[in-house]
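Q: Please take a close look at one buried charged residue in this protein and at what surrounds it. Please then set that part within the interior as a whole.

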Amino acid sequence: MRYIIPNKTLLGLILTAMLSLFAIATSSAEGFDPKAEEFQVTVEMLDTEHDDYSDGDVDIIGKAVYKHIQFNGTEGLTENQLAAAESYYDNYLDQPFFELSTVWVLLCAFLVFIMHLGFASIESGMCQRKNTVNILFKNVFIICSGLLLYGVYGFNSMYPTEAGATTILEGIFSFGKPISESINAGNDLSYGGTGLCQTGWADFIFQAMFAATAATIVSGAVAERVKLSSFMIFAVLLVGFAYPITGGWKWGGGVLDGMGFYDFAGSSVVHAFGGFAALACVLILGPRKGKYTANGVKPILPSNLPLANIGALLLWFGWFGFNCGSVLSADPEGISYVAITTSFGAASGGLAAILVSWIILKKPDLSMALNGILAGLVGITAGADQLSLLGACLAGGVGGGLVVVAVMFFDKLKIDDPVGAISVHGVCGIWGTLAVGLPFLCKEGAGSSFFVQLAGTAAIGAFAFAFSFIVFYIIKLVMGVRVDESEEAEGLDVAEHGAPAYNE
């Protein structure tokens with residue numbers, strides 16, 4: 001039913017609403033004193049090259065100045081205060097930047113979550129069907145345990161400055177503690193300004209999705225013969241305690257960050273870390289039975305290449321969140337550029353792997369093509385915002401060719417990796433990090449020192465390898481890490497879980 005409001009009543013309502021809005025607005029502006037110390041803006045605060053530059057502080061002052069201008073004009077304001085108000089208007093009133101950025105980062109976190117489905121699919125497809133339930137179970141455990149562990153300890157260990165964590169070695173190690181509502185204090189620009197433009201909650205969930213990825217990489221490399229309980233213990237220690245240490249070296253403002261090491265979205269921090277952890281575990285675990293014989297390598301064929309194909313494309317899809325979300329705001333230019341370089345890296349990696357594998361193996365190999373896509377993505381991840389468009393293609397292409405050679409190299413050494421995780425994430429993680437140190441691949445004025453990049457990726461890889469080797473070896477001594485031969489032959493679905501994935 002429609003109601004007709006008399007004209008006088010309608011006019012009264014409009015006037016009342018306008019007066020209320022005016023009263024609210026003026027009351028919010030009354031508390032502003034342009035001469036107050038808290039509202040002063042210095043030249044240094046506006047200079048992006050100066051140590052005192054603070055986009056968060058400038059944005060908050062700019063908001064107050066802008067409100068004041070609406071009702072009192074510009075009289076009495078300094079040039080720097082006017083500049084802060086103009087900056088605030090450009091950043092936030094042309095578009096709701098803070099709100100948009102928060103939603104964008106959350107969407108990217110959800111995309112990274114989908115990557116776990118991609119990992120589970122490609123790992124299941126590349127392995128034997130008798131181990132499918134075991135593989136899926138490990139992937140479910142990793143995301144569930146990894147998320148909670150990162151909240152209980154990892155996040156505040158990795159980012160100790162914001163958390164007030166107990167620092168043992170400055171820039172190297174800090175004790176973490178559970179997250180609390182304090183990480184979201186203010187729920188506005190005070191959290192990170194325009195560079196880290198999101199709520200504290202959004203920051204946590206995005207970073208938490210990254211953390212679990214390291215153990216997922218290891219899962220693929222040790223598939224089909226690792227003891228489930230031993231892997232679960234190792235995954236908890238890797239994600240909960242080891243990953244935040246090296247992550248803090250770069251992203252937490254630690255020692256590598258102080259050196260100028262650059263890793264935009266984790267070629268080393270996430271992928272090389274996981275790859276070298278996987279290498280350590282595989283060396284202790286040994287190859288699958290029957291893989292290496294007196295006559296050479298005996299291929300253990302994938303059970304479901306269509307599923308592996310779906311998994312690889314899901315990973316490519318999720319990687320848009322992985323890289324574009326690492327812009328850490330809804331900066332239109334930054335997001336758009338990273339989306340292009342990510343796509344170019346993946347496509348170039350896929351084509352390069354197809355070409356190289358076709359030349360070497362004399363036939364087109366789908367599994368190599370899929371790993372080439374992933375290698376291209378890993379190769380572009382460190383420098384997605386630094387490399388030129390041609391550089392992105394070359395970084396991805398080299399990664400795609402490199403992964404084919406690396407897979408065959410590890411087979412020669414009888415290092416059994418069912419999904420090629422060590423080659424994709426470990427080898428190509430190093431390459432992607434070093435690519436940022438090659439000026440001819442980067443945009444003008446971008447990039448980092450090659451030797452700093454080399455030192456950084458070597459430090460992360462060495463720590464991941466050493467930690468994993470020691471921990472996994474201790475687990476081996478205490479409870480064993482490998483199923484017995486009869487269980488391996490029967491399949492881990494029945495041996496470990498009591499039921500196969502597929503019932504005929």
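A: In this predicted model, Asp416 is in contact with Ala221, Arg225, Val282, Pro287, Arg288, Lys291 and Tyr292, once its neighbours within four places in sequence are set aside. One of these residues, Arg288, is also joined to Asp416 by a polar contact of 2.8 Å between the two side chains. Asp416 itself lies in the loop that runs between helix H16 (389-412) and helix H17 (421-435). The relative accessible area of Asp416 is 1%, and the cut-off for a buried residue is under 20%, so Asp416 counts as buried.

Another loop residue deserves attention here. Glu224 is located in the loop between H9 and helix H10 (228-250). With a relative accessible area of 2%, Glu224 is likewise under the 20% cut-off and therefore buried. Its backbone has a notable feature: Glu224 shows a positive phi of about 80°, although it is not a glycine. As a general rule, most residues other than glycine have a negative phi. Lys362 also has a positive phi, of about 70°, and is not a glycine either. Lys362 is placed in the loop between helix H14 (332-361) and H15. Its relative accessibility is 64%, and because exposed means over 50%, Lys362 counts as exposed.

The interior may be considered next. In soluble globular proteins, nonpolar side chains tend to be buried together. Here the largest nonpolar core has 109 residues, of which Tyr150, Val218, Leu238 and Tyr243 touch the most other members. The surroundings of Val218 can be listed: leaving out residues up to four places away in sequence, Val218 touches Phe231, Phe234, Leu238, Gly274, Ala277, Ala278 and Cys281. Apart from the largest core lies another core of 11 residues, including Ala36, Val41, Val58 and Ala84.

Empty space inside the protein is a further topic. Rolling a probe the size of a water molecule over the atoms shows where such space is left. The structure contains 2 cavities of 30 Å³ or more. The largest cavity has a volume of about 120 Å³. It is lined by 14 residues, and those closest to its centre are Phe119, Ile122, Val419, Ala421 and His425. At least two lining residues come from each of helix H5 (97-126), helix H9 (213-221), helix H15 (366-381) and H17. Sorted by class, this lining has 8 nonpolar, 5 polar and 1 charged residues.

The second largest cavity has a volume of about 30 Å³. Its lining consists of Ile122, Met126, Ser367, Leu370, Asn371 and Val419. H5 and H15 each supply at least two of these residues, and H15 gives the most, with 3 residues. By class, the lining of the second largest cavity has 4 nonpolar and 2 polar residues, with no charged ones.

Finally, the part can be placed within the whole. The protein has 20 helices and 4 strands. Of its 504 residues, 51% are buried, and Asp416 is one of the buried residues. Among contacts between residues at least 6 apart in sequence, 76% join residues at least 24 apart.

Notes:
Residues are numbered from 1 along each chain as its sequence is written. Side-chain values use heavy atoms; hydrogens and water are left out. Buried means under 20% relative accessible area, exposed over 50%, partly exposed in between (1.4 Å probe, protein chains only). A polar contact is a pair of N or O atoms within 3.5 Å; within protein, one must be able to donate a hydrogen and the other to accept it, and residues adjacent in sequence count only if both atoms are side-chain atoms. Contact means heavy atoms within 4.5 Å. A nonpolar core is a set of buried Ala, Val, Leu, Ile, Met, Phe, Trp, Tyr and Cys residues joined through side-chain atoms within 4.5 Å. On a 1 Å grid over the protein atoms alone, a cavity is a set of points where a 1.4 Å probe fits but cannot get out, and a pocket is an open set with protein on both sides within 12 Å along at least five of seven lines; lining residues have an atom within 4 Å of a point. Grid points are joined across faces, edges and corners, and a volume is the space filled by probe spheres set on the points. Ala, Val, Leu, Ile, Met, Phe, Trp, Tyr, Cys and Pro count as nonpolar, Asp, Glu, Lys and Arg as charged, and the others, Gly among them, as polar.
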